[in-house]
Amino acid sequence: MSFEAKWRLLARVGVRCYILISNVSGAVKVAPLQILQFPVVLPHKFQDAEKFNLQFSDFSEITETADKLCWLRYQKGLRQRDVADYAGIDRSTYVHYEEYGKDLSLLMILHLQH
């Protein structure tokens, strides 16, 4: 693809999926475009995960529920919001569990392990 090409929408073929068309010097080009959706993780979050994973290299070493939740979330590459949505709870509630480890059933831990 040329960066000088002026692409325009030819058709929408699905959710976040389009066909683009360009006419450069009499040559018609068609290209698919799929818009992917993924969470943006800030660089300091990577550093937090790296430090945490250096502290605990194996799940069996972790004794605190809050640390287990954090370890599993980092292993899956999830944000706190992702886990809260999956569990059907408010993000602030999940953050409380991860920070303090209070009032949490092992069900959430088991779900994150799989």
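Let's start with a cysteine. Cys 17 has 25% relative accessibility, so it counts as partly exposed. That is in a predicted model, so keep the source in mind. Now take Cys 70. It sits at 8% relative accessibility, under the 20% cut-off, so it counts as buried.

Are there disulfides, and how many? Zero, after a search of the whole structure.

What does Cys 70 touch, once neighbours within four places in sequence are left aside? Phe 52 and Glu 98. Phe 52 also turns up with Cys 70 in the largest nonpolar core. That core has seven residues. Besides those two, it holds Phe 56, Phe 59, Ile 62, Trp 71 and Leu 72. Helix H2, residues 65-76, gives the largest share of this core, with three residues. Apart from it lies another core, of five residues. Leu 69, Val 83, Ala 84 and Tyr 94 are among them. As a general point, nonpolar side chains in soluble globular proteins tend to be buried together.

Next, the fold. Five helices and three strands make up the count. Along the sequence, the pattern reads β-β-β-α-α-α-α-α. So much for the order of elements.

Now some totals. The protein has 114 residues, and buried ones make up 25% of them. The exposed surface comes to about 8,600 Å². Carbon and sulfur atoms supply 54% of that surface.

Last, contacts along the chain. Take contacts with a separation of 6 or more. Of these, 30% join residues 24 or more positions apart.

Back to the two cysteines to finish. Cys 17 is partly exposed; Cys 70 is buried.

Technical notes
Residues numbered from 1 in each chain as written. Predicted model: local features only at pLDDT ≥ 70, side-chain atom pairs only at ≥ 80, totals over all residues. Heavy atoms only, no water. Disulfide = S-S within 2.5 Å. Buried < 20%, exposed > 50% of the residue type's maximum accessible area, 1.4 Å probe, protein only. Core = buried A, V, L, I, M, F, W, Y, C linked by side-chain atoms within 4.5 Å. Helix = DSSP H or I, 4+ residues; strand = E, 2+ residues; numbered from the N terminus. Contact = heavy atoms within 4.5 Å. Areas by Shrake-Rupley, 256 points an atom, 1.4 Å probe, with all protein chains shown as cover.
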